[in-house]
Amino acid sequence: GKPELSDSLSTNARQMKSEMYTKMFKDASDLDHPCRIPGSEYLQCVHSNVKDASKNRQMKCVSLFSTFDDCRKGVLQQQSQALENAMVKQDIADRRAKALFERRSILLDAKTA
């Protein structure tokens, strides 16, 4: 989702909510996370424009959010691809293990026969 501040909140409440978003984001992301800088820049923009109406704030910060959102989507794509690759490798290893087990069973059966 997109962190945003509702116009129905008081300026003080918007200030507190933007600080909460920033703290939550920094606590949830590692220092070396590729999206930490774009995310922090977007949240800083939101925080700096907390007194503006939502529409004005969105216009000022939309490019920063787009950069951050593209980064998030890229990370999700990388994670999805890594998961797919890991599943393929695991499937290959499972099939090899099954084949070895079956071969072992055949050899044991042949030895006892």
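How many of the 113 residues of the chain, as a percentage, count as buried? In this predicted model, 22% of them do.

**Figure 1. The whole chain, built from three helices.** The fold contains zero strands. Read from start to end of the sequence, the pattern is α-α-α. α1 covers residues 11-28, α2 covers 36-48 and α3 covers 54-112. The C-alpha atoms occupy a box of roughly 85 × 25 × 25 Å along the principal axes. The radius of gyration is 26 Å, whereas a compact globule of 113 residues would have one near 13 Å.

**Figure 2. Surface and contacts of the chain.** The accessible surface amounts to about 8500 Å². Carbon and sulfur atoms make up 58% of that area. Among contacts with a separation of 6 or more, 54% join residues 24 or more positions apart. Of the 113 residues, 22% are buried.

**Figure 3. The largest pocket, with a volume of about 240 Å³.** Its lining draws two or more residues from each of α1 (11-28), α2 (36-48) and α3 (54-112). α3 gives the most, with four residues. In total, 14 residues line the pocket.

**Figure 4. Close-up on the centre of the largest pocket.** Five of the 14 lining residues lie nearest the centre. They are Gly 1, Pro 3, Phe 25, Phe 68 and Arg 72. By class, the full lining holds nine nonpolar residues, three polar and two charged.

**Figure 5. Tyr 42, a buried residue of helix α2.** The relative accessible area of Tyr 42 is 1%. Tyr 42 therefore counts as buried, as that value is under the 20% cut-off.

**Figure 6. The contacts of Tyr 42.** Neighbours within four places in sequence are left aside here. Tyr 42 then touches Lys 2, Pro 3 and Glu 4, and also Cys 61, Leu 64 and Phe 65. One of these partners, Pro 3, is also among the residues nearest the centre of the largest pocket.

**Figure 7. Tyr 42 and Asp 69, a pair 27 residues apart in sequence.** From C-alpha to C-alpha, Tyr 42 and Asp 69 are 9.9 Å apart in space. Tyr 42 sits in helix α2, while position 69 falls in the range of α3 (54-112).

Conventions
Residues numbered from 1 in each chain as written. Predicted model: local features only at pLDDT ≥ 70, side-chain atom pairs only at ≥ 80, totals over all residues. Heavy atoms only, no water. 1 Å grid on protein atoms, 1.4 Å probe; cavity = no way out; pocket = protein on both sides within 12 Å on 5 of 7 lines; lining within 4 Å. Points joined across faces, edges and corners; volume = space filled by probe spheres on them. Nonpolar A, V, L, I, M, F, W, Y, C, P; charged D, E, K, R; others polar. Rg over C-alpha atoms; globule rule 2.2 N^0.38 Å. Buried < 20%, exposed > 50% of the residue type's maximum accessible area, 1.4 Å probe, protein only. Contact = heavy atoms within 4.5 Å. Areas by Shrake-Rupley, 256 points an atom, 1.4 Å probe, with all protein chains shown as cover.
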